[in-house]
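Hello,

Here is the structure for you to look through. Please open it first, then read my notes below.

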Amino acid sequence: EAGQATGPEAAGAADRNLWSTLRDQGLGGSLRFDYFRSSKGLDDHTDFLGSTAQVKMSPTLNKSLDGKIEARLTNPDIGDDGDTHGRLLEGYATVHFDNADLRIGRQIVAWGRADGINPTDNLTPHDYTVMLPFEDDQRFGTTALKLDWYLTTEHTLTFFTTPFFEPSKLPLTPGVSFHDNRPARTLGNSEAAVKFNKTGGSLDWSVSYFRGYSLLPEIRPLPAGAGLELHYPEIDVVGADMARNFGRYGMRAEVAYIQTEDNHGRDPVAINPYIYAVAGVDRTFLDNLNLNLQLVGRWVQHYSDPEAVADPALRAIAIGNAIAFGQQSRASYGMTSRLSNKWFNDTLEAELLVFVNFDRTNSYLRPLVTYAFTDHMKVTFGGEFYRGPDGTFFGQLKRNQGVFSELRYSF
């Protein structure tokens with residue numbers, strides 16, 4: 001017909017229409033090239049050049065049904081025949097009702113209002129071995145059902161449940177064989193959580209309860225000297241958090257009581273019940289200079305010294321578990337500090353994160369500098385540095401310290 005585009009012009013118009021449609025459905029993502037001086041494993045491997053492609057969409061079918069899909073394809077060591085692997089970070093559908101949202105599928109559910117350390121954040125795991133520079137890069141979703149019931153404009157009641165427990169991924173001692181003894185994915189082993197959340201007004205706060213499994217494993221000996229297993233103990237967590245601003249000052253606090261399987265402290269290698277709390281304040285100076293300070297504390301119930309275990313093999317396991325869960329002492333304290341600033345219309349950003357454990361003094365230092373060349377292209381330089389005796393949380397990671405960089409193109 002007259003006036004109808006044909007040939008290359010029609011193909012180009014179709015491509016533009018397809019691209020516009022995908023963009024309207026929330027298509028976005030990034031291409032990233034990373035260099036890490038050290039691996040994230042407990043080894044001495046160095047010099048990794050990796051690449052990552054990440055894509056996400058937020059499709060909307062109608063006003064009552066939408067969703068999200070986000071996936072990552074990465075090769076952390078392309079210069080040395082590294083393995084390429086993919087991961088579905090999130091993939092869920094959300095059904096909207098008049099006063100509730102029901103989300104079903106693989107999803108990241110992050111609870112807690114403190115900065116980076118969240119005692120109530122027990123629902124979805126982290127990958128602490130991922131070779132990417134930012135804290136959010138460590139998160140990946142769990143297949144679950146979540147219902148948000150909006151009681152008022154300020155009050156929400158949230159229910160969460162899943163039979164598909166998935167733990168955090170940790171660096172493990174090389175050369176040691178571990179049996180991963182995670183709970184079976186059955187309805188009888190379902191995790192469940194509920195939270196009452198208040199936002200708006202002068203004070204934000206929530207109270208929550210979680211019954212499920214620890215995202216971090218205990219190391220336990222197998223019978224008859226058959227090796228070691230990763231055991232994920234059942235836990236019950238009662239938690240609360242709050243946040244309030246006073247002008248340029250912000251105050252945040254979060255606390256949880258974690259009831260463990262060994263609730264009387266009789267198993268020498270098991271984790272005992274404990275209280276885990278964080279409280280801090282942040283202030284903005286000038287236009288963009290922000291300082292955040294937090295105090296962190298753990299108090300262990302039925303504490304026994306892991307170094308007093310008589311059997312040498314059990315003593316080594318008990319000490320390792322105590323280091324991982326912060327239970328080397330009956331009470332332990334620490335502090336975090338995050339200092340950040342922006343310059344040149346927010347194109348240059350810098351941040352310094354410091355975490356110090358006062359008990360058996362050990363520390364973590366992470367500087368970051370990011371410069372945005374354009375709205376789509378930016379480069380990041382940083383480093384991770386650990387200090388302390390070998391038998392401490394940060395001290396055991398000293399072999400993994402080093403610098404890193406990333407070039408990112410976002411679309």
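**What I found**

Strands β1 and β22 each give at least two residues to a nonpolar patch. Keep in mind that this is a predicted model.

The patch lies on the surface. Its members are Leu31, Phe33, Tyr371, Phe373, Leu407 and Tyr409. Together they have about 570 Å² of accessible area. Find Phe33 in strand β1.

Now follow β1 itself, residues 28-38. Which strands pair with β1? One is β22, residues 402-410. Seven bridges join the two, and they run antiparallel. Look for Phe36, which stands opposite Phe404 of β22.

Another partner is β2, residues 46-57. Here ten bridges make the link, and the strands again run antiparallel. Asp34 has Gly50 of β2 as its bridge partner.

One general point helps when you look at strands. Side chains in a regular strand alternate between the two faces of the sheet.

Next, the second largest pocket. How much space lies in it? The value is about 610 Å³. The lining has 30 residues, and the closest to the pocket centre are Pro76, His85, Thr129, Val130 and Lys169. Four elements each give two or more residues to this lining: β1, β2, β4 (65-75) and β5 (85-96). By class, 13 lining residues are nonpolar, ten are polar and seven are charged.

So β1 turns up in both places. This strand supplies residues to the nonpolar patch, and it also helps line the second largest pocket.

Best wishes

Notes. Residues are numbered from 1 along each chain as its sequence is written. This is a predicted model: local features need pLDDT of at least 70, side-chain atom pairs count only at pLDDT 80 or more; totals for chains, interfaces and linings use all residues. Side-chain values use heavy atoms; hydrogens and water are left out. Two strands pair if DSSP finds at least two bridges between them. On a 1 Å grid over the protein atoms alone, a cavity is a set of points where a 1.4 Å probe fits but cannot get out, and a pocket is an open set with protein on both sides within 12 Å along at least five of seven lines; lining residues have an atom within 4 Å of a point. Grid points are joined across faces, edges and corners, and a volume is the space filled by probe spheres set on the points. Ala, Val, Leu, Ile, Met, Phe, Trp, Tyr, Cys and Pro count as nonpolar, Asp, Glu, Lys and Arg as charged, and the others, Gly among them, as polar. Patches are made of residues with over 30% relative accessible area and no salt bridge: like charges are joined within 9 Å, nonpolar side chains (Val, Leu, Ile, Met, Phe, Trp, Tyr) within 5 Å. Accessible areas come from the Shrake-Rupley method with a 1.4 Å probe; for residues, only the protein chains shown count as cover. A salt bridge is a side-chain nitrogen of Lys or Arg within 4 Å of a carboxyl oxygen of Asp or Glu.
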